[in-house]
Amino acid sequence: MEATRLPSAKPVHDLKPRKEVSLDEDPTKASDALPLPLHLTNAVFFTLFFSVVYFLLSRWREKIRTSTPLHVVTFSEIVAIIAFFASFIYLLGFFGIDFVQSLVFRPTPDVWISEDEEEENEVLLRKEDARKVPCGQALDCALPLLPPQAPIVAAQKVFDEKPVTVLTEEDEEIIKSVVAGTTPSYSLESKLGDCKRAAAIRREALQRLTGKSLSGLPLEGFDYESILGQCCEMPVGYVQIPVGIAGPLLLNGKEFSVPMATTEGCLVASTNRGCKAIHLSGGATSVLLKDGMTRAPVVRFGTAKRAADLKLYLEDPNNFETISIVFNRSSRFGRLQGIKCAIAGKNLYMRFTCSTGDAMGMNMVSKGVQNVLDFLQTDFPDMDVLGISGNFCSDKKPAAVNWIEGRGKSVVCEAIIKGDVVRKVLKTSVESLVELNMLKNLTGSAMAGALGGFNAHASNIVSAVFIATGQDPAQNVESSHCITMMEAVNDGNDLHVSVTMPSIEVGTVGGGTQLASQSACLNLLGVKGASKEVPGANSRTLATVVAGAVLAAELSLMSAIAAGQLVKSHMKYNRSSKDVSKA
Ligand code: ADP
């Protein structure tokens, strides 16, 4: 964990002087009873101990020489014996008990998981530190919190060369209050007005409550303000996922370096190989077939007849203009494209589709749908709105409606890979690839009863690019729908390969796309934010890049399987040579 001084809520000059309570300070004094510097008291007792030992031994030798009984002691010898026991007890108490405790109470690895001794020491120090912090009153959260002046150092694992997280005296009070349940953890941001400090306090409270270390989960180096009210609640840090680059992917005459956030070894390397094969063959072409986000509320009527009345009303082309005017009021970018209805008895599911500019569009379409529902209530007062989403949309669930009708961006991407490239780069043959594709991606998936899963590993690439570019990773479910086709062309010499993906749900504004890392990845692709020329152009380009990367990865994985290399390459890239049992 890194360390920093938490920002003050007030300028420093506003603060009244405060006694510093540093955890480093405590051990410098021996005790309250003996308020001397530690090194001085240690030196005194060491000297005393060895002096009296020397004195008593010399007296003992003298008595043996002069045949004096040992039990006959002088006053100076009595003083020396008392001094001996006093200094012995001091030294035992100071060094001996700690030593014994360190042997007996060494934490077990499953309590505070630590990678090495140094980290273990840090953890122990932090536990020890927590005890040494002075007790305070429960926090009155109604009062404005005074900004910190005296830092309390909580030792945590070092990241980015920042040694420790600094928590203040006030922070310590808040931590105690969160641990005691007096202050709700979720309220820290609003109460403190400082998202980073809130995260640090929540994190420390969590560690104390659970007895589990978060060492390894970084806190520093993240803008917690940027996620407030938009991306994540109650943060305690962030997970690091490496980003690899595949490419250049030559797509529609342009080169793209594709960022992929993944922890699966082989994936980026494999996609990169596919990109190379595509590049050497003149590039891939991608076409956007459809662009419309959907939302399907469910409403109930007293009779199936009334549900059918509304269905007919909504599907009547003469009513479309009125409905779209109402729908489009929600946003400059949301434009109604169509409504598809399905009836189940008295219940009606209305699947609204609309364009959403560069946004993925869930919020936008939901607002438009709400407008229409309010409007319909006038002509259909007996309509009972059960839910703005009735799962006919269908969001984040495998569903045939997305596979057949499309959702978000529907894209087809193709390339003709030269026979030479198939042999030299992909190390297989056109014939083997075509046969494997038919038996695996088509027949095999049909045998498995697949729904949109007629591919080798589209979801691998979709997830990796989604995470890197700030998309909603849960939408990987439908965004990974893909059918991969392979065919021998040019008299069987070359390979025609295509991926058809009907429901790629991506955006370049909103959600996680505005976060610094994700935004950098979008920038790398040249699709950051809203398109200035044509609204929606950036998100559409991103969808074609996703499909292009899937094409590359399908080519490469299928080739590896056809050539029998899959296990070998995974052993090389996906299995660390480290002995994991020691980790
Ligand atoms: P989503 O609908 O994907 O959840 P949001 O509604 O949260 O996304 O974000 C879209 C917001 O961005 C809207 O307020 C919209 O007005 C704004 N915006 C700005 N430029 C664009 C653009 N080019 N395309 C779409 N939305 C845009």
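These exercises walk through one protein model, each with a worked solution.

The model is predicted: local features need pLDDT of at least 70, side-chain atom pairs count only at pLDDT 80 or more, and totals for chains, interfaces and linings use all residues. Residues are numbered from 1 along each chain as its sequence is written, and side-chain values use heavy atoms, with hydrogens and water left out.

**Exercise 1. The whole protein**

Task: State how many helices and strands the protein has, and describe its burial, contacts and surface.

Solution:
- Start with the elements. The protein has 18 helices and 13 strands. Helices (H or I, at least four residues) and strands (E, at least two) are DSSP runs, numbered from the N terminus.
- Turn to burial. Of the 583 residues, 45% are buried. Buried means under 20% relative accessible area, exposed means over 50%, and partly exposed lies in between (1.4 Å probe, protein chains only).
- Look at contacts, meaning heavy atoms within 4.5 Å. Among contacts with a separation of 6 or more, 72% are between residues 24 or more positions apart.
- Finish with the surface. The accessible surface of the protein is about 29,300 Å², and 60% of it belongs to carbon and sulfur atoms. Accessible areas come from the Shrake-Rupley method with a 1.4 Å probe; for residues, only the protein chains shown count as cover.

**Exercise 2. The ligand**

Task: Find which residues come nearest to the ligand, and list polar contacts to its oxygen atoms.

Solution:
- Name the residues. There are 13 residues around the ligand, and Asp 358, Met 360, Gly 361, Asn 363 and Met 364 come nearest. A residue is near a molecule or strand if one of its heavy atoms lies within 4 Å of it.
- Apply the rule for polar contacts. A polar contact is a pair of N or O atoms within 3.5 Å; within protein, one must be able to donate a hydrogen and the other to accept it, and residues adjacent in sequence count only if both atoms are side-chain atoms.
- Check the backbone. A backbone N or O atom of Met 360 is 3.2 Å from a ligand oxygen atom. For a polar backbone atom of Met 362, the distance to a ligand oxygen atom is 3.4 Å.
- Check the side chains. Asn 363 has a polar side-chain atom 2.9 Å from an oxygen atom of the ligand.
- Add the cover. On its own the ligand has 560 Å² of accessible area, and the protein covers 75% of that.

**Exercise 3. Salt bridges**

Task: Count the salt bridges, then place three pairs in the chain.

Solution:
- Set the rule. A salt bridge is a side-chain nitrogen of Lys or Arg within 4 Å of a carboxyl oxygen of Asp or Glu. The count by this rule is 22 salt bridges.
- Take Glu 220 and Lys 196. Their closest N and O atoms are 2.8 Å apart. Glu 220 lies in the loop between α6 (195-210) and β3 (243-251) and Lys 196 in helix α6, so the pair ties together parts 24 residues apart in sequence. Both Glu 220 and Lys 196 are buried.
- Take Lys 340 and Glu 405. They form a salt bridge at 3.7 Å, N to O. Lys 340 is in strand β7 (residues 335-344) and Glu 405 in helix α11 (residues 400-405), so distant parts of the chain, 65 residues apart, are linked. Lys 340 is partly exposed, at 37% relative accessibility. Glu 405 is partly exposed too, at 28%.
- Take Glu 478 and Arg 407. Their side chains meet at 3.3 Å, N to O. This pair links helix α15 (residues 476-479), which holds Glu 478, to the loop between α11 and β10, which holds Arg 407. Both Glu 478 and Arg 407 are buried.

**Exercise 4. Two residues**

Task: Is Thr 513 buried or exposed, and where is Ala 415 found?

Solution:
- Place Thr 513. It is in the loop between β13 (494-504) and α16 (516-524). Thr 513 is buried because its relative accessibility is 5%.
- Find a polar partner. A polar side-chain atom of Thr 513 is 2.5 Å from the backbone oxygen of Gly 510.
- Place Ala 415. It is in strand β10 (residues 408-417). Ala 415 is buried because its relative accessible area is 4%.
- List contacts. Leaving aside neighbours within four places in sequence, Ala 415 is in contact with residues including Gly 283, Leu 495 and Leu 551.
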